[in-house]
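Trainee: Please take one part of this model and go through it closely. I would like to know what it packs against and what it gives to the core.

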Amino acid sequence: MAYEDLLSGLIELHVLYHAAEEEIFGLGMLEELRRHGYRISPGTLYPLLHRLMHRGYLQVRDMKLGRIRRRLYRATPKGRRALTAVRDQVRELMGELDEKPRRARMSQAKHGGTIEGKGEG
Ligand SMILES: [Zn+2]
């Protein structure tokens, strides 16, 4: 997938979001992500799930369906707290990415005051 390095954090948040809503499994999550336009492979998703588990954001349990064994992932309390904590920042970033470039506004409002008379000396 193009720009996977930049998108990996978003994919993690997407996975975490769904795991907070309900139990997820790898294949279902791959389909969900493809629906959203992320063309990622199992070779990317499974290590990602593993990393989220390792960091304590996801927990896993094995379920047997006849002869099929399925690993189900669910957000941990830490995972839910993390989602809540980053939600505002993600929203803010999305808002900013949607904005048309407005240089004057950026340089004044965001960086404090006018360009002249600040930062020099
Ligand atoms: Zn989704």
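Mentor: What follows is a close look at helix α1 and its surroundings.

The model is a predicted one. Its chain has five helices and two strands, and along the sequence these elements come in the pattern α-α-α-β-β-α-α. Of the 121 residues in the chain, 11% are buried. Among contacts between residues at least 6 apart in sequence, 49% join residues at least 24 apart.

Start with the packing of α1 on helix α4. Helix α1 covers residues 4–21 and helix α4 covers residues 77–98; the two pack at an angle of about 130 degrees, and their axes are 10 Å apart. An angle from 65 to 115 degrees would count as roughly perpendicular and one over 145 as roughly antiparallel, so α1 is oblique to α4. The crossing of α1 past α4 is left-handed. On the α1 side, the contact is made by Leu13, Leu16, Tyr17, Ala19 and Ala20, and on the α4 side by Gly79, Arg80, Ala82, Leu83, Val86 and Val90. Sorted by class, this contact of α1 with α4 holds nine nonpolar residues, one polar and one charged.

Next comes helix α2, residues 26–35. Here the axes of α1 and α2 come within 11 Å and cross at roughly 120 degrees, which makes α1 oblique to α2. The crossing of α1 past α2 is right-handed, whereas that of α1 past α4 is left-handed. From α1, the residues Ile11, His14, Val15 and His18 meet Met29, Glu32 and Leu33 of α2. The contact of α1 with α2 divides into four nonpolar, two polar and one charged residues.

Now the core. The largest nonpolar core has twelve residues: Val15, Leu16, Ala19, Ile24, Met29, Leu49, Leu52, Tyr57, Leu58, Tyr73, Ala75 and Ala82. Two or more of these residues come from each of α1, α3 (42–54) and β2 (68–75). The most come from α1, which gives three. In soluble globular proteins, nonpolar side chains tend to be buried together.

The core list can be set beside the two helix contacts. Leu16 and Ala19 of α1 meet α4, where Ala82 is among the residues in contact, and Leu16, Ala19 and Ala82 all belong to the core. Val15 of α1 takes part in the contact with α2, as does Met29 on the α2 side; both Val15 and Met29 are core residues.

Leu52 is another member of the core. Leaving out residues up to four places away in sequence, Leu52 touches Glu12, Val15, Leu16, Tyr57 and Leu58. Among these, Val15, Leu16, Tyr57 and Leu58 are listed in the core.

Ser8 also lies in helix α1. Ser8 has 15 C-beta neighbours inside 10 Å and therefore counts as partly exposed. Ser8 and Thr44 are 36 residues apart along the chain, and their C-alpha atoms are separated by 9.4 Å.

For contrast, take a residue outside the helix. Arg61 is in strand β1, residues 58–65. Arg61 is exposed because it has 10 other C-beta atoms within 10 Å. From Arg61 to Arg74 is 13 residues in sequence and 8.5 Å in space, C-alpha to C-alpha.

Terms used
Residues are numbered from 1 along each chain as its sequence is written. This is a predicted model: local features need pLDDT of at least 70, side-chain atom pairs count only at pLDDT 80 or more; totals for chains, interfaces and linings use all residues. Axes are lines fitted to C-alpha atoms, for helices over the stretch in contact, and angles run from 0 to 180 degrees between N-to-C directions. Helices (H or I, at least four residues) and strands (E, at least two) are DSSP runs, numbered from the N terminus. Angles under 35 degrees count as roughly parallel, over 145 as roughly antiparallel, 65 to 115 as roughly perpendicular and the rest as oblique. A crossing is left-handed if the near helix is turned anticlockwise from the far one by less than a right angle, and right-handed if clockwise. Two residues are in contact if their C-beta atoms, placed from the backbone, lie within 7 Å. Ala, Val, Leu, Ile, Met, Phe, Trp, Tyr, Cys and Pro count as nonpolar, Asp, Glu, Lys and Arg as charged, and the others, Gly among them, as polar. A residue is buried if 20 or more other C-beta atoms lie within 10 Å of its own, exposed if 12 or fewer, and partly exposed in between; C-beta atoms are placed from the backbone. A nonpolar core is a set of buried Ala, Val, Leu, Ile, Met, Phe, Trp, Tyr and Cys residues joined through C-beta atoms within 7 Å.
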